[in-house]
Amino acid sequence: MAATPNPKRFETFSWRNLDIQFHHPQLLERVARKYEEAGMEGVLTIDCWPHEERFHAILAARNWNIHKKISHDYHWLWEVKAERQDGSKHDVIPCPSSAAHDPAFAEAMTTYLKKQLACVRPGSRILIDIEPGSVGRRLCFCDRCRQSFAARYDLQPESIRAADDILTNHALQWGAFWSHNIAAISRLHYQAIKAVDPGFRYMQ
């Protein structure tokens with residue numbers, strides 16, 4: 001691999017801001033200088049509380065990047081829940097096929113993000129931390145997902161009536177099917193963020 005010069009500035013940020021969120025402005029500025037010396041001039045925020053806004057104002061004046069994190073909030077926006085291998089419904093995680101392709105979910109996502117991003121400065125980066133693919137072998141085996149899976153890979157629906165049929169005989173296709181739904185859900189997040197403010201920058 002060819003040698004390349006080290007960049008003078010890294011595009012890095014603190015995953016959480018609790019380690020530098022000091023209420024005393026002078027103390028915060030002293031700590032901020034240490035982060036700047038290390039090239040870390042970005043910070044991640046979860047909520048828009050008043051003390052965080054003051055905290056952000058100080059860092060923004062020093063040309064820091066303020067990132068807003070959107071986590072697994074989409075779980076709570078949709079009442080159609082995913083189905084486990086035994087047929088029971090998950091308490092939190094929605095059916096990916098339903099959420100990814102129902103226009104009502106996209107509308108709910110946009111409405112929700114308008115509230116979540118109301119305090120975020122224009123041009124900020126929005127980090128989507130959803131990891132929807134981490135449960136692919138456990139969810140979702142509802143009729144809608146199985147029928148969609150069968151149609152996508154030209155399978156007979158009666159050949160995949162049980163989760164074991166899918167995971168044993170069609171594991172690679174099931175993984176690709178999950179990737180398809182993950183991409184669709186991620187795309188909905190992106191579109192919703194851009195609908196709130198086209199100037200927001202999207203990270204995942």
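Is His170 buried or exposed? In this predicted model, His170 is buried, because its relative accessible area is 13% and a residue counts as buried under 20%. The report below begins with the chain as a whole, then turns to helix α5 and its surroundings, and ends with several residues in loops and in helix α7.

## The chain as a whole

The protein chain contains 7 helices and 7 strands, and when it is followed from the N terminus its elements come in the order β-α-β-α-β-β-β-α-α-β-α-α-α-β. Of the 204 residues in the protein chain, 41% are buried, while the accessible surface that the chain exposes comes to about 11,800 Å², with carbon and sulfur atoms supplying 52% of that area.

The contacts of the chain can also be described by how far apart the partners lie in sequence. If one takes the contacts with a separation of 6 or more, 72% of them are between residues that are 24 or more positions apart.

## Helix α5 and its two sides

Helix α5 covers residues 143–152, and its buried residues are Cys145, Arg146, Phe149 and Ala150. When the helix is seen down its axis, these buried residues fall within an arc of 130 degrees, and so they line one face of α5. Gln147 and Ala151, by contrast, are exposed on the other side of α5.

Which helices do the buried residues of α5 pack against? They pack against α3, which spans 96–101, against α6, which spans 163–169, and against α7, which spans 171–196.

## Where α5 meets α7

The axes of α5 and α7 come within 11 Å and cross at roughly 110 degrees, and the two helices are therefore roughly perpendicular to each other. On the α5 side the contact is made by Cys145, Ser148, Phe149 and Arg152, and on the α7 side by Gln173, Trp174, Phe177 and His180. Sorted by character, the residues of this contact divide into 4 nonpolar, 3 polar and 1 charged.

## From α5 to the loop before α7

Just after α5 comes Asp154, whose place is in the loop between α5 and α6. Asp154 has a positive phi of about 55 degrees although it is not a glycine. Asp154 counts as exposed because its relative accessible area is 71%, and the cut-off for an exposed residue is over 50%.

His170, the residue of the opening question, is found in the loop between α6 and α7. When its neighbours within four places in sequence are left aside, His170 is in contact with Phe149, Leu155, Ile160 and Asp165. One of these partners, Phe149, also belongs to the buried residues of α5, and Phe149 takes part in the contact of α5 with α7 as well.

## Cys140 and its cis peptide bond

Cys140 is found in the loop between β6, at 125–128, and α5. The peptide bond that joins Leu139 and Cys140 is cis, with an omega of about -10 degrees. Cys140 counts as buried because its relative accessibility is 1%.

What is Cys140 in contact with, leaving aside its neighbours within four places in sequence? Its partners are Ala82, Glu83, Cys95, Pro96, Cys145, Trp174 and Trp178. Among them, Cys145 is one of the buried residues of α5, and Trp174 is one of the α7 residues that make the contact with α5. Along the sequence Cys140 and Ser97 are 43 residues apart, yet in space their C-alpha atoms are 8.6 Å apart.

## Two further pairs across the sequence

Asp86 has its place in the loop between β4, at 81–83, and β5, at 89–94, and it counts as exposed because its relative accessibility is 64%. Asp86 and Arg138 are 52 residues apart along the chain, and their C-alpha atoms are separated by 9.6 Å.

Ser179 lies in helix α7, and with 45% relative accessibility it counts as partly exposed. Ser179 and Gly136 are 43 residues apart in sequence, while in space the distance from C-alpha to C-alpha is 9.1 Å.

Conventions. Residues are numbered from 1 along each chain as its sequence is written. This is a predicted model: local features need pLDDT of at least 70, side-chain atom pairs count only at pLDDT 80 or more; totals for chains, interfaces and linings use all residues. Side-chain values use heavy atoms; hydrogens and water are left out. Buried means under 20% relative accessible area, exposed over 50%, partly exposed in between (1.4 Å probe, protein chains only). Helices (H or I, at least four residues) and strands (E, at least two) are DSSP runs, numbered from the N terminus. The arc is that of the directions from the helix axis to the C-beta atoms. Contact means heavy atoms within 4.5 Å. Axes are lines fitted to C-alpha atoms, for helices over the stretch in contact, and angles run from 0 to 180 degrees between N-to-C directions. Angles under 35 degrees count as roughly parallel, over 145 as roughly antiparallel, 65 to 115 as roughly perpendicular and the rest as oblique. Ala, Val, Leu, Ile, Met, Phe, Trp, Tyr, Cys and Pro count as nonpolar, Asp, Glu, Lys and Arg as charged, and the others, Gly among them, as polar. Accessible areas come from the Shrake-Rupley method with a 1.4 Å probe; for residues, only the protein chains shown count as cover.
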